[in-house]
Amino acid sequence: MMRRWPTFLPIGVFAVLVCFFAWRLVLITRGDAPNLIPSVMIDKPAPAFDLPPLVLDRPGATGAALTGKVTLINFFSSWCIPCRAEHPLLIDLMNRSEIKGRLVLMGIDYKDKPEDGRGWLNRLSNPYEVIGMDRDGRVGIDFGVYGVPESYLIDRQGRIRYKQVGPFTPEDIQGKLLPLLAELSK
């Protein structure tokens with residue numbers, strides 16, 4: 001009997017993993033998902049920052065630029081696959097007539113080489129009005145960024161009102177971002 005236990009060990013480990021993944025799926029259906037991680041920064045002032053420009057014909061990103069306008073800060077990187085999927089949605093968002101003049105899109109190139117970030121924007125187009133480089137990730141840490149892409153909607157008083165963990169989807173933009181933008185634009 002003692003010689004047989006190594007035979008059943010892989011089956012036992014597999015059964016434990018199946019149970020773990022099944023339980024995780026149950027938790028996700030109940031709303032416990034990583035993209036629903038609450039932010040302690042919601043309704044607090046955005047951290048102060050001053051980043052150099054990534055694109056030389058656009059201004060760098062500063063916290064001082066956040067007051068007086070509703071701003072969507074989008075942390076992205078050229079090496080980020082989900083950022084590539086989200087990028088066309090940001091371009092479409094900024095091309096909407098109901099958005100023009102109501103929302104500033106600020107990009108922060110997170111932990112990236114400047115030449116890679118500029119090349120990425122040259123290939124995919126640049127929807128950002130303001131874009132800065134966060135080479136060491138310090139500003140991302142101050143905001144509480146878990147990973148890229150991650151976005152923060154800032155009201156006119158410079159307070160964080162919404163956090164999007166992961167890439168925006170069309171449903172996120174329609175169901176969450178646009179209604180909140182309408183409320184903050186009043």
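This report walks through a kinked helix, the nonpolar core, a surface patch and the salt bridges of this structure. Keep in mind that the model is predicted.

**Helix H2**

Let's start with helix H2, which covers residues 81-95 and has a kink of about 30° at His87. The proline Pro88 comes shortly after that kink. His87 is also one of the buried residues of H2, along with Cys83, Glu86, Leu89, Leu90, Ile91, Leu93 and Met94. What lies over them? The cover for the buried residues of H2 includes strands S1 (71-76), S2 (104-110) and S4 (150-154), plus helices H3 (114-124) and H5 (170-184).

**Core and surface**

The largest nonpolar core has 48 residues, and Phe49, Phe75 and Phe143 are the ones touching the most other members. Helix H5 is the top contributor to this core, giving six residues. Take Phe49 as an example: leaving out residues up to four places away in sequence, its contacts include Ala61, Leu66, Ile73, Met106, Ile108, Val139 and Phe143. Thr62 and Gly63 are among the residues Phe49 touches as well.

Out on the surface, Leu9, Val13 and Leu17 make up a nonpolar patch, together showing about 250 Å² of accessible area. Val13 sits in helix H1, residues 5-29. Val13 counts as partly exposed because its relative accessibility is 43%, between the 20% and 50% cut-offs. As for the spacing, residues three or four places apart in an α-helix point the same way, because there are 3.6 residues a turn.

**Salt bridges**

How many salt bridges does the structure hold? There are seven, and here are some of them:

| Salt bridge | Closest N to O distance |
|---|---|
| Asp43 and Arg161 | 3.4 Å |
| Asp155 and Arg161 | 3.4 Å |
| Glu150 and Lys163 | 3.6 Å |

The Asp43 and Arg161 pair bridges distant parts of the chain: Asp43 is in the loop between H1 and S1, Arg161 is in strand S5 (residues 160-165), and they are 118 residues apart. Asp43 is partly exposed at 40% relative accessible area, and Arg161 is partly exposed too, at 28%. Asp155, which also pairs with Arg161, is buried at 4% relative accessibility. Through shared partners, salt bridges join Asp43, Asp155, Arg161 and Glu183 into one network.

Then there's the pair formed by Glu150 and Lys163. Glu150 belongs to strand S4 and Lys163 to strand S5, so their salt bridge ties together parts 13 residues apart in sequence. Are these two buried or exposed? Glu150 is buried, with 0% relative accessibility, and Lys163 is buried at 12%.

Note on methods
Residues are numbered from 1 along each chain as its sequence is written. This is a predicted model: local features need pLDDT of at least 70, side-chain atom pairs count only at pLDDT 80 or more; totals for chains, interfaces and linings use all residues. Side-chain values use heavy atoms; hydrogens and water are left out. The bend at a residue is the angle between axes fitted to the seven residues ending there and the seven starting there. Helices (H or I, at least four residues) and strands (E, at least two) are DSSP runs, numbered from the N terminus. Buried means under 20% relative accessible area, exposed over 50%, partly exposed in between (1.4 Å probe, protein chains only). Contact means heavy atoms within 4.5 Å. Patches are made of residues with over 30% relative accessible area and no salt bridge: like charges are joined within 9 Å, nonpolar side chains (Val, Leu, Ile, Met, Phe, Trp, Tyr) within 5 Å. Accessible areas come from the Shrake-Rupley method with a 1.4 Å probe; for residues, only the protein chains shown count as cover. A salt bridge is a side-chain nitrogen of Lys or Arg within 4 Å of a carboxyl oxygen of Asp or Glu. A nonpolar core is a set of buried Ala, Val, Leu, Ile, Met, Phe, Trp, Tyr and Cys residues joined through side-chain atoms within 4.5 Å.
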